[in-house]
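Visitor: I would like a tour of a structure, taken one question at a time. Could you show it to me before we start?

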Amino acid sequence: LSYTPRYRYRVREGRKWYASSKYPTFAAGYEKGFNLFADNQAPIYDKLLFSVSQKINVSPFEEMDYHFSGGSFLHAARLYENDLHYFRNNRMLFTPSDFTRSFNLLPPYTASGDWWMEGHLNYQSQYLLLKNLPFLQRFSFDEAVHIHGLITEERQIYLEGGYSIGFMGLGRAGIFTSFVDKKVEGVGVRISYPLWYILEKRLK
């Protein structure tokens, strides 16, 4: 279930096309695991999720995107490993996911069986650092800064910061550093290639 206040739209050929809104999108979800049969060992739990997200066009050359979410197992009488809440994580050098709403250096299979809160903040600009150099201004690329954070019932604050360069929506290359309780945990390079975007462009 999601809701965006005052979402503007256009009507084209009798169909409604949503355009934009000055307000964030609020979303909530609920999951329940239960036994259908008395002798069945199915998972039994109640999970509540919520999120708020928004993309803001700061200027014709820059935009900001944020996504904050959290959740909790309100009741968990029986949980299996695949019922835990896992977090999006790009562990491979090449990934089809973008850098806006996923982690890049989080330990594999990081999950929560109690409660969690995560946040993703991204700032993208046509003229951030390198593009201000005169000899690079004729090239088509943009730059972005990424900040990701996570805290779970283990009470350890995980932070991730990164810088990336994008090439006309066809892909991005970035370098990221992770921190756990204010200590450097790791450094890594990631290359994103959004296949769906490329295929959609070709089909059009």
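Guide: What follows is a short round of questions and answers on this predicted model.

Visitor: Happy to begin with the interior. Which residues have the most contacts inside the largest nonpolar core?

Guide: The core in question has 13 residues. Strands β5 (44–59) and β13 (172–180) each supply at least two residues of this core. The residues with the most contacts inside the core are F87, F103, L106, W116, L150 and Y158.

Visitor: Let me pick out Y158. Which residues does Y158 touch, leaving aside those up to four places away in sequence?

Guide: Y158 is one of the residues with the most contacts inside the core. Setting aside residues up to four places away in sequence, Y158 touches F103, L105, L106, H148, G149, L150, S178, F179 and V180.

Visitor: Now to the charges. How many salt bridges does a search of the whole structure find?

Guide: Side chains of opposite charge can pair when their charged atoms come close. K32 and D46 make one such salt bridge, with the closest N and O atoms 3.0 Å apart. A search of the whole structure finds four.

Visitor: In the salt bridge of K47 and E31, is K47 buried or exposed?

Guide: The two side chains meet at 3.4 Å, N to O. K47 sits in strand β5 and E31 in strand β4 (residues 25–33), 16 residues apart. E31 has 34% relative accessibility and so counts as partly exposed. K47 has a relative accessible area of 5%, and because buried means under 20%, K47 is buried.

Visitor: And for K32 and D46, which strands does the pair link?

Guide: K32 is partly exposed at 47% relative accessible area, while D46 at 11% counts as buried. The pair is 14 residues apart, and the strands are β4 for K32 and β5 for D46.

Visitor: What is the distance between the closest N and O atoms of R172 and D142?

Guide: R172 lies in strand β13 and D142 in strand β11 (residues 142–152), so their salt bridge ties together parts that are 30 residues apart in sequence. Both residues are buried. Their closest N and O atoms are separated by 2.8 Å.

Visitor: Last stop, the largest pocket. Which lining residues are closest to its centre?

Guide: This pocket has a volume of about 590 Å³. Its lining has six nonpolar, seven polar and seven charged residues, and β6 (62–78), β10 (115–125) and β11 each supply at least two residues. Of the 20 lining residues, the closest to the centre are K55, D98, T100, Q124 and R172.

Note on methods: Residues numbered from 1 in each chain as written. Predicted model: local features only at pLDDT ≥ 70, side-chain atom pairs only at ≥ 80, totals over all residues. Heavy atoms only, no water. Core = buried A, V, L, I, M, F, W, Y, C linked by side-chain atoms within 4.5 Å. Buried < 20%, exposed > 50% of the residue type's maximum accessible area, 1.4 Å probe, protein only. Helix = DSSP H or I, 4+ residues; strand = E, 2+ residues; numbered from the N terminus. Contact = heavy atoms within 4.5 Å. 1 Å grid on protein atoms, 1.4 Å probe; cavity = no way out; pocket = protein on both sides within 12 Å on 5 of 7 lines; lining within 4 Å. Points joined across faces, edges and corners; volume = space filled by probe spheres on them. Nonpolar A, V, L, I, M, F, W, Y, C, P; charged D, E, K, R; others polar.
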